[in-house]
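User: Hey, can you walk me through this one? I'm new to reading structures.

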Amino acid sequence: RGGRGRPGAMAQPRVLLTKEPAPQSVPASDLPMKVYEVALNAGLDSSSGLATAGFRTAKYQPTEWHLNNSELYHKAFAGCKQAEHGRAEAKEVAEYAAAAAQRAQQDSTAALGQHLQDIHFWKAELQKEIEDLDAETSLLAAQKLRLERALDASEVPYAIATDNLQCRDRRQAPDLVSDEVERELLKEVELIRNIQELLKRTLMQAGNQMRLNREHKEVCEMDWSDKVETYNIDDKCGRYSNQGTNIQFHPSSVKFEESASTPETWAKFSHDNIYRAEREKLASINLRALIDSILHDISEDMKMQCAAVNEAFAKHCEELDDAKHKLEHHLKKILKEIGDQEANIAALKQAIRDKEAPMKVAQTRLYDRSFRPNVELCRDEAQFRLISEVEELTESIGSLKKKLLESEQALRNLEDMRMNLEKEIAVKTNSIFIDRQKCMAHRTRYPVVFKLAGYQ
């Protein structure tokens, strides 16, 4: 009689049983261990108290026996099916691996052929560049001499500008400001420094152009040599076959080298070498014209900046003169105001002294009236008026003293202002001396444009 399978599973083959197993409510699979409680020593099916804790003491039921046998049958059948399925998969994997190996070898051979074409292309480009670099050499001697003369002539303007900045650092506060003259001088110093750097770089370029050409030629030759060697290696690799006798296992060759390049960096390396060689070749051709342009431009730039600095100096000296005249005018007004304020203080002090006698009179009257006998000590109108008089006098004296303090403070402020104005006038005088007598006089020794251009 047929065994009963799991719900929803494929039909199971018939298994010969002596008794039909009980209906299975649990699928035929590995069941978890069930923990049973220790049976008591009671009943017909007991083990007479011979069990120990942790072991099943009751006997199995017939339904459990049939269920166990059914599960074993099902597991044996499933094992056979799984083994059959594994054999089929192994055969399929072997056939796929053989086809994949043949296909991968064909792809690798084609990739080697394509790479040989790429190597041949870059090798031809490098060969052409090596031949072109042999043609470019000299004709820079006269221009190099002009560059050296211009560099020597630029030292004088640089010394004048830096000396002007150092002289102006001796200005006193608050005239020690970053004004337009200082900004123009800094621009002039920066301009001359950049011009000197440019001239030095151009001199190095003119003196080292042939060496640079040789260096880039050597780089291209080394790259070309590597390309030739690589071409031979890849050509040999493309001729290997499965039937060859010169092939063997190299397991360690599968991993990539850490320093290995990518196709992009490989192509970029040769491209950059050719680009730099082309750049140096063009530089060798255009350098003489570039030197003419540089010398003309730097002489004009230095001339324009010198004029801008001189104009800023002249304008600033006018501003200093104007500021000094205004300060002297305000100093005169301050001196006059100081005299008026001193007179005002003297008048306030006299007014305070003038209030002392009325205060004495009023307080004496109040003091004497305090001795009136008995009921005569009356708060009459005279008493109220005397008290009011004392209060008015006290308030007046307080106001006068307050004004006196304010006037004295104002006088001190005026004295401070006078000292500040006198100090500021001295500062302006010093600034005018530095800018006009020191800096502007020194700038008359500025070289002419003809000399700045390197002709002398």
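Here is a short chat about the helices and the surface.

Analyst: Sure. This is a predicted model, where local features need pLDDT of at least 70 and side-chain atom pairs count only at pLDDT 80 or more, while totals for chains, interfaces and linings use all residues. Residues are numbered from 1 along each chain as its sequence is written, and side-chain values use heavy atoms, leaving out hydrogens and water.

User: OK, how many helices and strands are there?

Analyst: The protein has 8 helices and 0 strands. Those are DSSP runs numbered from the N terminus: H or I of at least four residues for helices, E of at least two for strands.

User: At what angle do helix 2 and helix 4 cross?

Analyst: Roughly 155°, and the axes of helix 2 (residues 141-153) and helix 4 (residues 180-238) come within 10 Å. So helix 2 is roughly antiparallel to helix 4 (angles over 145 degrees count as that).

User: Which residues of helix 2 meet helix 4?

Analyst: Lys144, Leu147, Glu148, Ala150 and Leu151. On the helix 4 side there are Gln196, Leu199, Lys200, Thr202, Leu203 and Gly207. Contact means heavy atoms within 4.5 Å.

User: New topic: how much of the protein is buried?

Analyst: Buried residues make up 27% of the 456 residues, with buried meaning under 20% relative accessible area (1.4 Å probe, protein chains only).

User: And what does the accessible surface come to?

Analyst: About 31,600 Å², with 57% belonging to carbon and sulfur atoms. That area comes from the Shrake-Rupley method with a 1.4 Å probe.

Key: Axes fitted to C-alpha atoms, helices over the stretch in contact; angles between N-to-C directions. Parallel < 35°, antiparallel > 145°, perpendicular 65-115°, else oblique. Buried < 20%, exposed > 50% of the residue type's maximum accessible area, 1.4 Å probe, protein only.
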